[in-house]
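Reader: I am in my first year, and I would like to understand how the words used to describe a structure are justified. Could we go through some of them together, step by step?

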Amino acid sequence: MATIVANKEFTGNPRRQLAKLFDVSLKLIVPDEPNVEPLIEPGKFGDYQCNNAMGLWSIIKGKGTQFKGPPAVGQALIKSLPTSEMVESCSIAGPGFVNVVLSAKWMAKSIENMLIDGIDTWAPTLSVKRAVVDFSSPNIAKEMHVGHLRSTIIGDTLARMLEYSKVEVLRRNHVGDWGTQFGMLIEFLFEKFPDTDSVTETAIGDLQMFYKKSKLKFDLDPEFKEKAQQAVVRLQGGDPVYLKAWAKICEISRNEFAKVYQRLRVELEEKGESFYNPYIANVIEELSSKGLVEESKGARVIFIEGFKAPLIVVKSDGGFNYASTDLTALWYRLNEEKAEWIIYLTDLGQQQHFHMFFKAARKAGWLPDDDKTYPRVNHVGFGLVLGDDNKRFRTRSTEVVRLVDLLDEAKDRSKAALIERGKDKEWTPEELDQTAEAVGYGALKYADLKTNRLTGYTFSFDQMLNDKGDTAVYLLYAHARICSIIRKSGKDIDELKKTGKIALDHAAERALGLHMLQFAETVEEACTTLLPNVLCKYLYYLSEEFTKFYSSCQVNGSAEETSRLLLCEATAIVMRKCFYLLGITPVYKL
């Protein structure tokens with residue numbers, strides 16, 4: 001009988017550790033079936049269950065096996081399982097499910113180790129080394145609106161989870177900075193400010209208004225329209241005067257975006273459409289040399305199986321478009337940046353475009369045919385943010401809602417709620433302001449992230465700022481309450497970590513400990529499925545498990561005080577890491 005000593009690498013990932021044990025067992029009972037992977041998941045009747053018996057039986061039953069059905073396969077799996085300090089007991093349920101009960105002693109030890117070594121020792125390890133996450137991507141000279149909120153915060157959370165899982169992430173802001181609208185903007189800029197050197201942010205004022213006025217002129221004045229179209233050609237041909245004006249507009253716009261990113265605490269590196277422009281011609285040439293590009297109605301296109309309209313890569317006027325830039329950006333990311341996984345975040349409306357250009361890249365041999373093999377690409381689509389009328393969320397004047405206004409209102413409402421509770425009398429103005437920001441922005445982010453991104457959600461400040469139910473406010477309060485329990489004990493928690501021991505004797509202590517230990521596998525699942533709501537659900541249930549524990553187990557002043565204070569601290573640490581991954585700032589008192 002093989003004995004496996006607790007593997008340091010997986011102390012915070014029971015599912016992976018059990019998979020290693022059952023892998024040994026599978027190789028012993030069916031040595032002729034080397035490709036069978038252990039199927040481990042949280043159990044209904046145990047802490048975990050191994051679901052291999054039925055599938056394995058269907059593979060081996062026609063091969064003269066000694067087993068007499070799935071339950072016998074399950075029994076053999078248990079019998080051959082290496083002894084491990086993590087497993088308390090195993091049993092068979094139904095048609096061969098193997099239920100596993102973890103050792104409470106091992107669970108307690110794993111949590112103690114995390115308290116000493118830090119929660120980063122629980123981080124999962126993904127097989128991919130470098131990924132590009134392409135998110136946010138607003139258009140220059142247009143303000144960021146509620147539609148950019150989803151792309152920005154879902155993208156930031158995916159990037160944070162991948163980074164935590166030891167992946168090097170290139171956070172890319174693929175801004176629209178090279179489109180036809182620039183001709184219109186540059187010509188309008190020349191009219192308003194003949195001396196472009198003197199143009200400042202204050203001179204242009206509201207860039208959004210500047211854009212609208214230039215668009216109006218473009219639509220109504222044919223002479224201006226013609227000038228604007230010529231301006232695009234000059235810009236894209238590299239005319240220095242036009243490039244200078246273009247750079248000015250980009251700079252002003254970029255400064256506006258930076259303010260929003262700073263408030264959301266989102267880091268991005270900009271490589272806009274213009275960055276890839278010098279590479280486009282060579283990429284189109286490469287695709288043509290492979291026989292993929294054909295002439296059609298004066299344009300150059302790629303026909304793709306399953307789609308009626310082709311993918312246009314060079315327009316009939318010789319100009320490039322989204323498809324040209326996207327194919328070039330993909331080529332650059334694979335060849336120059338050596339990315340193994342490229343993840344694009346846009347609303348679901350763009351799904352067909354991505355499916356077409358991914359297929360074109362497969363035809364070119366840039367990507368493997370199997371979309372699960374690396375290098376791989378994923379379009380992470382998301383639904384719309386809706387108003388009360390169930391239509392796209394807009395202001396009363398049917399304008400798109402500016403992101404800055406949403407952030408302001410979230411903070412103001414959160415501040416008003418704190419003042420109502422008298423916190424302005426207890427705290428300094430800085431504390432009040434910082435807490436209002438953490439709660440307001442956290443509420444905005446969590447309301448978005450907790451819904452499965454594939455569906456839309458109805459935007460409601462009242463709901464997201466509610467302190468009851470599945471909201472950031474409730475979770476931040478729960479965290480602050482744990483911190484307050486630890487403070488009230490008067491104990492030095494760092495000292496207790498070194499000397500104290502955890503016991504999971506009460507059912508509520510054990511349930512809390514088990515849920516905590518499922519943190520790493522949850523992050524791993526959220527990364528592999530690209531679904532941040534998986535982590536939100538975990539965090540909400542963690543605070544629910546803590547509430548059950550706290551209402552049935554006295555902490556301060558009890559005989560088990562040390563152990564229970566350490567459980568409080570461990571819960572707070574896991575909550576803080578979840579907050580961090582979701583881009584939410586924790587609060588320590590409320």
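Author: What follows is a set of questions and answers about a predicted model.

Reader: What makes helix α12 largely enclosed by the rest of the structure?

Author: Of the 14 residues of α12, 12 are buried, so the helix is largely enclosed by the rest of the structure. Among the buried residues are Ala323, Leu327, Trp331 and Tyr332.

Reader: How do you know that tyrosine 332 is buried?

Author: Buried means a relative accessible area under 20%, and tyrosine 332 has 11%, so it counts as buried. Tyrosine 276, with 0%, is buried as well.

Reader: Why is the pair of tyrosine 276 and tyrosine 332 called edge-to-face?

Author: Two rings pair if their centres lie within 6.5 Å, and planes over 60 degrees apart count as edge-to-face. The centres of tyrosine 276 and tyrosine 332 are 5.7 Å apart and the planes make an angle of 75°, so both conditions are met and the name follows. Because tyrosine 276 lies in helix α11 and tyrosine 332 in helix α12, the pair ties together parts that are 56 residues apart in sequence. Both tyrosines belong to one aromatic cluster, which also includes Phe275, Tyr279 and Trp331.

Reader: What makes the contact between arginine 172 and glutamate 337 a salt bridge?

Author: A salt bridge needs a side-chain nitrogen of Lys or Arg within 4 Å of a carboxyl oxygen of Asp or Glu; here the N to O distance is 2.8 Å, so the contact between arginine 172 and glutamate 337 qualifies. Arginine 172 lies in strand β6 and glutamate 337 in the loop between α12 and β11, so this pair ties together parts that are 165 residues apart in sequence. Arginine 172 is buried at 3% relative accessibility, and glutamate 337 is buried at 8%.

Reader: Why is aspartate 408 called partly exposed?

Author: Partly exposed covers what lies between the limits of 20% and 50%, and aspartate 408 has a relative accessibility of 32%, so the term applies. Aspartate 408 forms a salt bridge with arginine 263, with the closest N and O atoms 2.6 Å apart, and arginine 263, at 25%, is partly exposed too.

Reader: How do you know that glutamate 426 is exposed?

Author: Exposed means over 50%, and glutamate 426 has a relative accessible area of 53%, so it passes that limit. Lysine 423, with which glutamate 426 forms a salt bridge, counts as buried at 9%.

Terms used:
Residues are numbered from 1 along each chain as its sequence is written. This is a predicted model: local features need pLDDT of at least 70, side-chain atom pairs count only at pLDDT 80 or more; totals for chains, interfaces and linings use all residues. Side-chain values use heavy atoms; hydrogens and water are left out. Buried means under 20% relative accessible area, exposed over 50%, partly exposed in between (1.4 Å probe, protein chains only). Helices (H or I, at least four residues) and strands (E, at least two) are DSSP runs, numbered from the N terminus. Rings of Phe, Tyr and Trp (its six-membered ring) pair if their centres lie within 6.5 Å; planes under 30 degrees apart count as stacked, over 60 as edge-to-face and the rest as tilted.
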